[in-house]
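Welcome! Please have a look at the structure below, then try the exercises one at a time before reading each solution.

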Amino acid sequence: GARGVHDQAEVVGTDGLVYVYGCDGPANGGWPTEYGPCTVGRVSGDQVADASAYRYWDGSAWVAGSGAAMSMPDGRDGVTNLPPGGVDVAYDAANRLYVMGYSPWPGFTNQVALRFATTPQGPWTAPVVATLPGCDDTVAGQDLHCYAAAVQPRFSTPGTIGLGWYDQAVSATPLRGGYLAGRLPLWIGTT
């Protein structure tokens, strides 16, 4: 099927510029190896509607044209490497880090993948994968996992990362689940 950019995320950097992230992926879903690349572009806030004003990170400089953009580094395996669904990026002021969060492949899972960087273009760490509490349930023979993990920096404290996720096993309209928030310890040194 056709490929297209999905998983758009944006963050206003500490420099005041808008950073926009996008990942290519198969239009109707696919195997973990079919996702990517994931790239970042930036623009001033008053030019977000002007596609020609965006500059893309090529690994050493900001250049015109998304075709020159560099992808994020590969993860430890194809399953957690790149997001198969929603991804978000936030600046976590409590830890002075940019944090990218997503539910790894296949999307409904008991895990969250997190990447960290000190600048909005990276370099990003390989995914750090954590297990979300209460997200590996079976009810009446049906697996009820979590999905749509997202960074929630308002809940972060120095040394912890605030997160939110949907849990299918929490009562809500059929199998959508309820939204939960919590904190996980930060596994890398803060800057």
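Here are three short exercises with worked solutions.

This is a predicted model, in which local features need pLDDT of at least 70, side-chain atom pairs count only at pLDDT 80 or more, and totals for chains, interfaces and linings use all residues. Residues are numbered from 1 along each chain as its sequence is written, and side-chain values use heavy atoms, with hydrogens and water left out.

**Exercise 1.** Work out the strand order of the open sheet of 4 strands, and find its edge strands.

*Solution.* Start with the strands, which are DSSP runs of E of at least two residues, numbered from the N terminus. Two of them pair if DSSP finds at least two bridges between them. The order is 6-7-8-9, with antiparallel pairing. Strand 6 (87–92) and strand 9 (128–131) are the edges, as each pairs on one side only.

**Exercise 2.** How many bridges join strand 8 to strand 9, and which residue in strand 9 stands opposite Val-112?

*Solution.* First, strand 8 (residues 111–117) runs antiparallel to strand 9, and 4 bridges join the two. Next, look across from Val-112: the residue opposite is Ala-130 in strand 9.

**Exercise 3.** Locate Gly-29 and decide: is Gly-29 buried, partly exposed or exposed?

*Solution.* Begin with the loop between strand 2 (18–26) and strand 3 (38–43), where Gly-29 is found. Then apply the cut-offs: buried means under 20% relative accessible area, exposed over 50%, and partly exposed in between (1.4 Å probe, protein chains only). Gly-29 has a relative accessible area of 37%, so Gly-29 is partly exposed. Finally, 9.2 Å separates the C-alpha atoms of Gly-29 and Pro-106, which are 77 residues apart along the chain.
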